[in-house]
2 protein chains.
Amino acid sequence: MTGNRQPTIKTVAARAGVGRTTVSRVINGSDLVSADARARVLAAIKELNYVPNSVARGLVTSRTDAVALVIPESESRLGAEPFFAALIRGVSGALAETRTQLQLTLVRDQFERDQLAASVATRRVDGVLLVSVHTHDRLPGMLEEMGLPTVLAGRRDAGEQLSYVDSDNSGGAAAAVRYLLARGRRRIATITGSLDMDVGRSRLAGWRDAHREAGARADGALAETGDFTEEGGVRAMRSLLERAPDLDAVFAASDLMAVGALAELRRQGRRVPDDVAVVGFEDSVLARHTAPPLTTVRQPVEEVGRTMARILLDITQNGADRRQVTLPTELVVRESS
Amino acid sequence: MTGNRQPTIKTVAARAGVGRTTVSRVINGSDLVSADARARVLAAIKELNYVPNSVARGLVTSRTDAVALVIPESESRLGAEPFFAALIRGVSGALAETRTQLQLTLVRDQFERDQLAASVATRRVDGVLLVSVHTHDRLPGMLEEMGLPTVLAGRRDAGEQLSYVDSDNSGGAAAAVRYLLARGRRRIATITGSLDMDVGRSRLAGWRDAHREAGARADGALAETGDFTEEGGVRAMRSLLERAPDLDAVFAASDLMAVGALAELRRQGRRVPDDVAVVGFEDSVLARHTAPPLTTVRQPVEEVGRTMARILLDITQNGADRRQVTLPTELVVRESS
DNA sequence: ACGGACTGTGGGAGCGCTCCCAGGGGGCTG
DNA sequence: CAGCCCCCTGGGAGCGCTCCCACAGTCCGT
């Protein structure tokens, strides 16, 4: 059906009347080729419609020009799509500049996650981008041990040694709380993210920091653990209202949880922002579509993706060292506060 | 840093005291291996922590066990994320069953799209999944011509020859309109999708069909072309209200456009559903979060992705023929109608 | 005038794997 | 007991490419 098989470097060499090596040099942009030879090779390539076989190249160079992006499937659902879409856009954009391919791996469960290390060892990718790492995750360490450069989205803890790109979680949270305090709110509750992730702990820390700065006390009864889901936001809001009916603001560690909180507040007849101000974290599309529109801490998700990819490429292509980057966040004020 | 290099099939063979071929047979599950030899090989593999190099294998088998999913970047934005997230989940799930890798390619513009054919010719993937094909798209044809199996999400037109998986667009649209008619609506407008895509035309056709069935006339003035975006929905709704202020229902060919329509209706003081009923298409997360929650035609996006992957694998692995599949849709009634 | 450096070139080897084929044993048949 | 088949086995070849190295030619400087 395909007629003749694909031309190889040998075919091109024969056609151009040169050796394989010269063709290879032209393809790889070496300047140790005479203008004449180069022209003949380029002509032959064009005539034959030749495209180098990247698998063969990969075998000898032991580089694949592909990186893996690993995403836990459970977290690609539940309204977290915009986050991953933006991240992918950032990663993909940076990779496109260097013709690096993106291999997307959705991991369903812990078993698959363990398998992953092995599968990645089949040398299909030059490096790995890892999202949603939990504090006691073994995978990042395993990957680095196998000699596979790894960049995390978010660190495992404050002492993270591997490369990572993170948003300024504590700073962003503190900014949100400072703003609420400045607007006269005095009983500012928080719905935290999962506390087995640094992002959860850091945003909680920001809530505390801002209180401390202002000489106020962060009342422990005003902090309720959520899990980054909408349903978690509902539950946490309900507990908070029981425990501290006098609260006048809630800082939720994610937009999704803020949406849950809004729903529960409405159900209990609290007006937003009149009775209770609500602030989220992320500034996803969601935030613009809630009623009322959500004040939130914007994190530069696409930029996080782009930076992760750039760091990884810098390591795989230029042998750069590990790098840790924290990107600034920004408070976006809407009508919920 | 990595210490010793990765073990190869030769290392394993030596360790197990067998030949390379025997190791290869064990790995590939051939049954022409004695129980004894198999056991020794498996032990050696475990001890050495050996993982076959899939690049080397790919070179000789000329299979890569990877498929590409190509998504236009412009359409991965703007609230269309849930669609792609679901599609990717479906694809990824089906691929995981056969250990096939997913290469995600976001295409920014027409130039990149043209380049794609070449890049794909570097033989990094065994097949291609294509999303959002326009009617006069040349890419699908080019890919098939290169001998690369291709499966489309949605057909280019009613006479599509390539493999595709589609939702029942005209049927779903017709069901929506029938429902509106049954509820006593008489002036049912429609906001169409892009008409250079079959999905846009088919949903429009469904709107017409349902009218014809009912012996009603589909008034041309009640159809306005949108482009699947929220902003497009706003504009179309505005034109419709000018042209046909007496309309009492709108069928939008996407949830996103329905969201735009809702906003414009609210702005103009029309009550939904009292004055105007609104129905969308897709049943994305959006639909549950609008005010009022959106009646919509659910399309099984994840199932579309899964089916696409299965068809492609069936072609690349079993040499199956092209296949066209249309999956049923379902009307989900909420409060906007 | 001659050695040396430097440019351009191409063949050999080998990346790690699979597949072809030749071959050695054991069990069965006649 | 010879002959045959069938099961299992392993070495050679080669997938398409890059890299090492050897080599021819040119241009210097002394």
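This is a short chat about the domains of chain A and the protein surface near DNA strand D in a predicted model.

Reader: What conventions apply here?
Author: The model is predicted, so local features need pLDDT of at least 70 and side-chain atom pairs count only at pLDDT 80 or more, while totals for chains, interfaces and linings use all residues. Residues are numbered from 1 along each chain as its sequence is written, chains are lettered from A and ligands numbered from 1 in the order in which they are written, and side-chain values use heavy atoms, with hydrogens and water left out.

Reader: Which residues are closest to DNA strand D?
Author: Ile9(A), Tyr50(A), Arg20(B), Thr22(B) and Ser34(B) are the closest of the 29 residues that surround the strand, where near means that a heavy atom of the residue lies within 4 Å.

Reader: And which side chain has a polar atom 2.4 Å from a phosphate oxygen?
Author: That is Tyr50(A), and the pair is a polar contact, meaning N or O atoms within 3.5 Å. Arg20(B) instead has a side-chain N or O atom 2.6 Å from a base oxygen of DNA strand D.

Reader: Which element gives the largest share of that surface?
Author: α4(A) does, with 5 residues; helices here are DSSP runs of H or I with at least four residues.

Reader: Switching topic, how far apart are the centres of domains 1 and 3 of chain A?
Author: Their C-alpha centres lie 61 Å apart; domain 1 covers 9–61 and domain 3 covers 169–298, with bounds from an automatic or database domain assignment.

Conventions: Polar contact = N/O pair within 3.5 Å; in protein donor to acceptor, adjacent residues only side chain to side chain. Helix = DSSP H or I, 4+ residues; strand = E, 2+ residues; numbered from the N terminus.
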